[in-house]
Amino acid sequence: MEARLVQIGNSRGIRIPKALIEAAGLEVPLRLRVVEGGLLLERVDHPRAGWASAARELRDRGEDGLLDDPVPTAFDESEWEWK
């Protein structure tokens with residue numbers, strides 16, 4: 001399939017047919033990068049997928065505490081109260 005670059009404000013773009021978007025499983029956000037001979041448009045994997053279940057597993061094993069002991073700061077020693 002061929003496409004033409006079209007003016008979009010100060011940029012240029014292409015229109016991607018809905019069928020191609022659906023076939024590629026594209027959703028926002030997308031990653032666009034230069035490759036040899038052109039541009040590559042690809043899905044952005046969800047980098048934090050699975051973090052919630054991993055955190056629950058840590059909690060269930062009792063391993064969800066802080067790695068280091070808290071270090072007091074000057075803020076901790078001044079007078080303040082929760083409201």
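Helices here are DSSP runs of H or I with at least four residues, numbered from the N terminus. By that rule alanine 19 lies in helix α1. The model on screen is predicted.

**Whole chain**

Begin with the protein chain as a whole. Three helices and four strands are assigned, and from the N terminus their order is β-β-α-β-β-α-α. Turn the C-alpha trace to its principal axes: the spans are about 65 × 35 × 30 Å. The radius of gyration is 24 Å, whereas a compact globule of 83 residues would have one near 12 Å.

Next, colour by accessibility. Buried residues account for 4% of the 83 residues. The exposed area of the chain is about 8,400 Å², with 54% of it supplied by carbon and sulfur atoms. Of the contacts with a separation of 6 or more, 3% join residues 24 or more positions apart.

Then display the charged side chains. There are 12 positive and 16 negative charges, and the mean positions of the two sets are 15 Å apart.

**Strand β2**

Select residues 11–13, which form strand β2, and pick out serine 11 there. Serine 11 has a relative accessible area of 44%, so it is classed as partly exposed; the partly exposed range runs between the 20% and 50% cut-offs. Draw a distance from serine 11 to leucine 41: the C-alpha atoms are 17 Å apart in space, and the two residues are 30 apart in sequence.

**Helix α1 and the loop after it**

Move on to helix α1, residues 18–24, and return to alanine 19, which lies in this helix. Alanine 19 counts as exposed because its relative accessibility is 55%, and exposed means over 50%. From alanine 19 to arginine 33 the C-alpha distance is 22 Å, across 14 residues of sequence.

Follow the chain into the loop between α1 and β3, where proline 29 is found. Select valine 28 together with proline 29: the peptide bond from the former to the latter is cis, with omega near 0°. Most peptide bonds are trans.

**The β3–β4 hairpin**

Now select residues 30–35 and 38–43, strands β3 and β4. The two strands pair in the antiparallel sense over six bridges. Which residue of β4 is the bridge partner of valine 34? Leucine 39 takes that place.

Zoom in on the turn. Two residues lie between β3 and β4 in this hairpin, and glycine 37 in the turn has a positive phi of about 90°. Most residues other than glycine have a negative phi.

**Helix α2**

Finish at helix α2, residues 51–60, and select aspartate 60 in that helix. Is aspartate 60 buried or exposed? It counts as exposed, because its relative accessibility is 60%, and the cut-off for exposed is over 50%. Draw a last distance, from aspartate 60 back to alanine 23: the C-alpha atoms are 40 Å apart, and the residues are 37 apart in sequence.

Notes:
Residues are numbered from 1 along each chain as its sequence is written. This is a predicted model: local features need pLDDT of at least 70, side-chain atom pairs count only at pLDDT 80 or more; totals for chains, interfaces and linings use all residues. Side-chain values use heavy atoms; hydrogens and water are left out. The radius of gyration is taken over C-alpha atoms; the globule rule is 2.2 Å times the number of residues to the power 0.38. Buried means under 20% relative accessible area, exposed over 50%, partly exposed in between (1.4 Å probe, protein chains only). Contact means heavy atoms within 4.5 Å. Accessible areas come from the Shrake-Rupley method with a 1.4 Å probe; for residues, only the protein chains shown count as cover. Lys and Arg count as positive and Asp and Glu as negative; His and the chain ends are not counted. The place of a charge is taken as NZ of Lys, CZ of Arg, CG of Asp or CD of Glu. Two strands pair if DSSP finds at least two bridges between them.
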